[in-house]
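User: Please take a close look at one part of this structure, the aromatic cluster and the helix that feeds into it. Keep it brisk.

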Amino acid sequence: MNIMLHPSKAEPKRFRVQDKILGVQKYFSLNDKAAADKFWQECLQKRKYRAMRLELPINQIFNEDGSVKGLQRKVRNRSDRPSYECFEVQLSTSNGQKKTEITLANKTFEYAYKQAQDKILAMLNIERTYEITKMFNETKKLYW
């Protein structure tokens, strides 16, 4: 992200500030470099806040749509064994990809979902808080 001359350095007609991470692109006249600098500083600040927000533990667990990152409810069909329902947990951690399954066989949904939560928190090395528990309870309906 930076301030560029647009359409080219050889024949500039305006300034362009573009940030692909934030998804913004704005043009300024050649006479208004101060406004381009101000907008660029605002984008830097937004990027900083975005990075801080993504580092929060609750944002490491949940997607923006509210679903749990790396958690899926699946039915496994095997040719040599009976099929079964399970929660599949697959996460990227600092040690690489980790994957596990928690079967729903002989368990209540609540118990299996709690096991999946505990496994996700253990993989990401995050301590359970009231807010995280509340979010898990709100997303339960997506996996029911």
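Analyst: One aromatic cluster is made up of Phe62, Phe87, Phe109, Tyr113, Phe136, Tyr143 and Trp144. The model is predicted. Across it, the count of aromatic pairs comes to nine. Take Phe87 and Tyr143, which form one such pair. Their geometry is edge-to-face, with 6.5 Å centre to centre and 75° between the planes. This pair links distant parts of the chain. Phe87 sits in strand 5 and Tyr143 in helix 4, 56 residues apart.

Now the burial of these two rings. Phe87 has 0% relative accessibility, so Phe87 counts as buried. Tyr143 is at 8%; the cut-off for buried is under 20%. Tyr143 therefore counts as buried too.

Next, the helix that carries Tyr143. Helix 4 covers residues 130-143, 14 residues in all. From first C-alpha to last, helix 4 reaches 20 Å, close to the 20 Å expected at 1.5 Å a residue. Helix 4 is not straight throughout: a bend of about 25° falls at Asn137.

Buried positions in helix 4 are Ile132, Phe136, Thr139 and Tyr143. Two of these names, Phe136 and Tyr143, also appear in the aromatic cluster. What covers the buried residues of helix 4? The cover includes helix 2 (57-61) and helix 3 (109-124). Strand 4 (71-76) and strand 5 (84-93) are also part of the cover. Strand 5 is the element that holds Phe87, the partner of Tyr143.

Key:
Residues are numbered from 1 along each chain as its sequence is written. This is a predicted model: local features need pLDDT of at least 70, side-chain atom pairs count only at pLDDT 80 or more; totals for chains, interfaces and linings use all residues. Side-chain values use heavy atoms; hydrogens and water are left out. Helices (H or I, at least four residues) and strands (E, at least two) are DSSP runs, numbered from the N terminus. The expected span of a helix is 1.5 Å times one less than its number of residues. The bend at a residue is the angle between axes fitted to the seven residues ending there and the seven starting there. Buried means under 20% relative accessible area, exposed over 50%, partly exposed in between (1.4 Å probe, protein chains only). Contact means heavy atoms within 4.5 Å. Rings of Phe, Tyr and Trp (its six-membered ring) pair if their centres lie within 6.5 Å; planes under 30 degrees apart count as stacked, over 60 as edge-to-face and the rest as tilted.
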